Amino acid sequence: MIRIAAIEECERRISPQACRMRIARSIGFVILFLLVIPLLLGLVFGVPLPAVFTLIASTFLLQAAAALVGLSLGQHPAVVLIFLTSVAVAVMIGILEVCDLFAERSLFIQRLLRKIDAKMGRIDYLKHYGALMLIPIIWIPGIALYGAPVVAWLFQYPRRISILCMTAGWVIAVIVVMAAALGLVRLAF
């Protein structure tokens with residue numbers, strides 16, 4: 001059996017049982033938000049199974065623009081928003097957990113975190129706004145869904161607050177995409 005060095009390091013720092021429990025918990029949350037919740041929502045809202053998997057895959061590929069796929073499948077905007085948000089939360093949790101797991105092994109990352117922490121103390125708006133800055137960061141192309149959790153992790157923002165802020169930013173981004181697709185933005189201007 002091939003062992004990942006980060007898992008071995010985790011087992012050295014804390015007990016093997018606690019390390020396995022941490023990994024299992026992380027995998028459980030990702031599976032819950034990535035598959036279980038969307039499948040249950042599909043049952044509740046009568047979304048066909050292929051459409052559920054299409055929404056999941058399109059969220060991975062297109063991020064907030066996956067709302068266009070959901071709308072083109074004839075789904076109600078609220079259903080699309082719930083589906084995409086569930087998948088996005090799974091991605092956020094997964095990325096944060098992977099960062100935690102591999103940072104314990106990398107001396108380079110540990111040095112980087114110390115440098116960021118030192119510089120962060122000198123920048124007032126980072127202290128003042130903190131995790132709230134993740135709300136607009138998740139809108140930035142190139143960072144968006146995959147980069148925002150890394151930014152939250154690098155700045156060592158509290159995990160739950162970070163996920164809430166990123167989710168709020170994600171919801172706003174998806175609503176803007178859907179509004180543009182439905183022509184609401186054109187009506188306002």
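Q: What makes the pairing of Glu-97 with Arg-159 a salt bridge?
A: The closest N and O atoms of Glu-97 and Arg-159 are 2.9 Å apart, and a salt bridge is defined as a side-chain nitrogen of Lys or Arg within 4 Å of a carboxyl oxygen of Asp or Glu, so the pair qualifies. Glu-97 lies in helix H5 and Arg-159 in helix H10 (residues 159–181), so this pair ties together parts that are 62 residues apart in sequence. Helices here are DSSP runs (H or I, at least four residues), numbered from the N terminus, as strands are (E, at least two). This is a predicted model, in which local features need pLDDT of at least 70 and side-chain atom pairs count only at pLDDT 80 or more, while totals for chains, interfaces and linings use all residues. Residues are numbered from 1 along each chain as its sequence is written, and side-chain values use heavy atoms, with hydrogens and water left out.

Q: How do you know that Asp-100 also forms a salt bridge with Arg-159?
A: The closest N and O atoms of Asp-100 and Arg-159 are 2.5 Å apart, which is within the limit, so the pair counts as a salt bridge. Asp-100 lies in helix H5 and Arg-159 in helix H10, so the contact ties together parts that are 59 residues apart in sequence.

Q: What makes Arg-25, Glu-97, Asp-100 and Arg-159 a network?
A: These four residues are linked by salt bridges, of which the structure holds 3. One of them joins the side chains of Glu-97 and Arg-25 at 3.5 Å, N to O; Glu-97 lies in helix H5 (residues 77–103) and Arg-25 in helix H2 (residues 16–45), so that pair ties together parts that are 72 residues apart in sequence.

Q: Why is Glu-97 called buried or exposed?
A: Buried means under 20% relative accessible area, exposed over 50%, and partly exposed in between, with a 1.4 Å probe and protein chains only. Glu-97 has 12% relative accessibility and therefore counts as buried, whereas Arg-25, at 44%, counts as partly exposed, and Arg-159, with a relative accessible area of 28%, is partly exposed.

Q: How do you know that Thr-59 is buried or exposed?
A: Thr-59, which lies in helix H3 (residues 49–62), has a relative accessible area of 0%, and is therefore buried. Contact means heavy atoms within 4.5 Å, and, not counting residues up to four places away in sequence, Thr-59 touches Ala-66, Leu-84, Val-87, Leu-145, Tyr-146 and Trp-170.

Q: Why is the packing of H5 and H9 called parallel, perpendicular or oblique?
A: H5 and H9 pack at an angle of about 45 degrees, with their axes 9 Å apart. Angles under 35 degrees count as roughly parallel, over 145 as roughly antiparallel, 65 to 115 as roughly perpendicular and the rest as oblique, so H5 is oblique to H9. Axes are lines fitted to C-alpha atoms, for helices over the stretch in contact, and angles run from 0 to 180 degrees between N-to-C directions. Among the residues that meet are Val-91 and Asp-100 in H5, and Leu-145 and Trp-153 in H9.
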